[in-house]
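This report covers the strand pairing, the nonpolar core and the charged side-chain pairs of one protein chain.

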Amino acid sequence: MASAAVPAAAHGPAPHQLAQRHVLTNLDNGQPVTARLGDDIEVRLTSYREDGLTYTWSTPQSSAPKVLRRTAGGPTPNGSASAVFHQDYAGAATISAHRHCHPSPGHACPLIVPSWRVRVTGK
């Protein structure tokens, strides 16, 4: 998993534990993430071009916004997208983003374009 945990501002249940920032990229699709209360999960999805097709991303969303709240996010002009989520409560949520295909002339997009998903469990 390409996730990297780096210290963020101290908040959460235990004052002696610093909150962590987990950074997720395209390569983390399908990987589980364990977070503590107060942790931030940053998602950085990069658009890419392959075989005459350009793939762009929607803004990542949380399946349980009360547990894992999005605090920032949006697309970029080149089709990449990012978001930051804050683990407010114990529980699990799935962060997902949809990949969109844009064909060049003479190319066709596949019928199925899978989404990006990561399951975050907060303790």
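Two strands are taken to pair if DSSP finds at least two bridges between them. On that basis, this predicted model contains an open sheet of four strands in the order E3-E12-E10-E7, with mixed pairing. Its edge strands, E3 and E7 (61-62), each pair on one side only. E3 and E12 run parallel and are joined by four bridges. Pro 32 stands opposite Arg 119 in E12.

The largest nonpolar core has 19 residues, and Ile 41, Ile 95, Trp 116 and Val 120 have the most contacts inside it. At least two residues of this core come from each of the strands E3 (32-35), E4 (40-45), E9 (81-87), E10 (91-97) and E12 (116-122). Leaving aside residues up to four places away in sequence, Ile 41 touches several residues, including Leu 24, Val 33, Phe 85, Ile 95 and Val 120.

Four salt bridges are found in the whole structure. The table lists three pairs.

| Pair | Closest N to O |
|---|---|
| Asp 40 and Arg 21 | 3.9 Å |
| Arg 21 and Glu 42 | 3.1 Å |
| Glu 42 and Arg 44 | 2.9 Å |

Arg 21, Asp 40, Glu 42 and Arg 44 are linked in a network of salt bridges. Asp 40 is buried, with a relative accessible area of 10%, and Glu 42 is buried at 14%. Arg 21 is partly exposed at 23%, as is Arg 44 at 43%. Because Arg 21 lies in strand E2 and Glu 42 in strand E4, their salt bridge ties together parts 21 residues apart in sequence.

Conventions: Residues numbered from 1 in each chain as written. Predicted model: local features only at pLDDT ≥ 70, side-chain atom pairs only at ≥ 80, totals over all residues. Heavy atoms only, no water. Core = buried A, V, L, I, M, F, W, Y, C linked by side-chain atoms within 4.5 Å. Buried < 20%, exposed > 50% of the residue type's maximum accessible area, 1.4 Å probe, protein only. Contact = heavy atoms within 4.5 Å. Salt bridge = Lys/Arg side-chain N within 4 Å of Asp/Glu carboxyl O.
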